[in-house]
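Reader: Could you show me the model and then explain how the labels used for it follow from their cut-offs?

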Amino acid sequence: MLKWLDLPPLWLVAFLLLARTQAKLAPMGLSFGMRWADALGVMLIGVATVLAIAAIIEFRRHRTTVIPHMQPSELVSSGVFARSRNPIYLADVLILTGFILIWDAVVSVMLIPVFAMLIQKRFILAEEMRLKQAFPEAFEEYCRATRRWI
């Protein structure tokens, strides 16, 4: 049960709530400058949405799991996975960044690297270990050819 509560989207929601709370309760008189920040934030969220959808479609096309705690049935290295080994997690980071910009949550910028490190430690490293065990040679080659994030 606990592993089903430990999912990246729930961590993203938690970090979004932290950023929103900071923006509302402790703005500290800081600001990004609304026009460019809003535009960039919306753009990042849009790019992230397309990236995540493309990654999920690629997982479905290869008939393997999207769920981090499950054993993959295939190593997916095509589509958006040819550019990033973790496009959905990259999308999560972009979504967090986009909302921080839109909400003018300047202090919450520090949450971005914290979130990325948390995702890497809690999910990416374990997923990579499962892939390395299931597809040793193919995964090693994939790692040489494709970066973890971008």
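Author: The turns below set computed values against the definitions behind them. This is a predicted model, in which local features need pLDDT of at least 70 and side-chain atom pairs count only at pLDDT 80 or more, while totals for chains, interfaces and linings use all residues. Residues are numbered from 1 along each chain as its sequence is written, and side-chain values use heavy atoms, with hydrogens and water left out.

Reader: What makes the contact between Glu58 and Arg61 a salt bridge?

Author: The term requires a side-chain nitrogen of Lys or Arg within 4 Å of a carboxyl oxygen of Asp or Glu. The side chains of Glu58 and Arg61 meet at 2.6 Å, N to O, so the pair satisfies that definition. Both residues lie in helix α3, three residues apart, about one turn of the helix, where helices are DSSP runs of H or I with at least four residues, strands are runs of E with at least two, and numbering starts from the N terminus.

Reader: Why is Glu58 called buried or exposed, and why is Arg61?

Author: Buried means under 20% relative accessible area, exposed means over 50%, and partly exposed lies in between, with a 1.4 Å probe and protein chains only. Glu58 has 9% relative accessibility and therefore counts as buried, whereas Arg61, with a relative accessible area of 54%, is exposed.

Reader: What does the salt bridge between Arg85 and Glu128 tie together?

Author: The closest N and O atoms of Arg85 and Glu128 are 2.8 Å apart. Arg85 lies in the loop between α3 and α4 and Glu128 in helix α5, so the pair ties together parts that are 43 residues apart in sequence. Arg85 is buried because its relative accessible area is 13%, and Glu128 counts as buried because its relative accessibility is 11%. Arg85 and Glu128 are also linked with Arg148 in a network of salt bridges.

Reader: How do you know that Glu140 is partly exposed?

Author: Glu140 has a relative accessible area of 49%, so it is partly exposed, while its salt-bridge partner Arg144, with closest N and O atoms 3.0 Å apart, is exposed because its relative accessible area is 56%. Arg144 and Glu140 both lie in helix α6, four residues apart.

Reader: Where do Arg63 and Asp104 lie, and which of the words buried and exposed fits each?

Author: Arg63, in the loop between α3 (34-61) and α4 (87-102), has a phi near 55°, a positive value in a residue other than glycine. The relative accessible area of Arg63 is 73%, and therefore this residue is exposed. Asp104, in the loop between α4 and α5 (111-134), has a positive phi of about 60° although it is not a glycine. The relative accessible area of Asp104 is 13%, and so this residue is buried.

Reader: How do the residues of the lining of the largest pocket divide into nonpolar, polar and charged?

Author: Ala, Val, Leu, Ile, Met, Phe, Trp, Tyr, Cys and Pro count as nonpolar, Asp, Glu, Lys and Arg as charged, and the others, Gly among them, as polar. The lining divides into 23 nonpolar, two polar and six charged residues. A pocket is an open set of points on a 1 Å grid over the protein atoms alone, where a 1.4 Å probe fits, with protein on both sides within 12 Å along at least five of seven lines, and lining residues have an atom within 4 Å of a point. Of the 31 lining residues, Phe59, Val66, Ile88, Tyr89 and Glu127 lie nearest the centre of this pocket.
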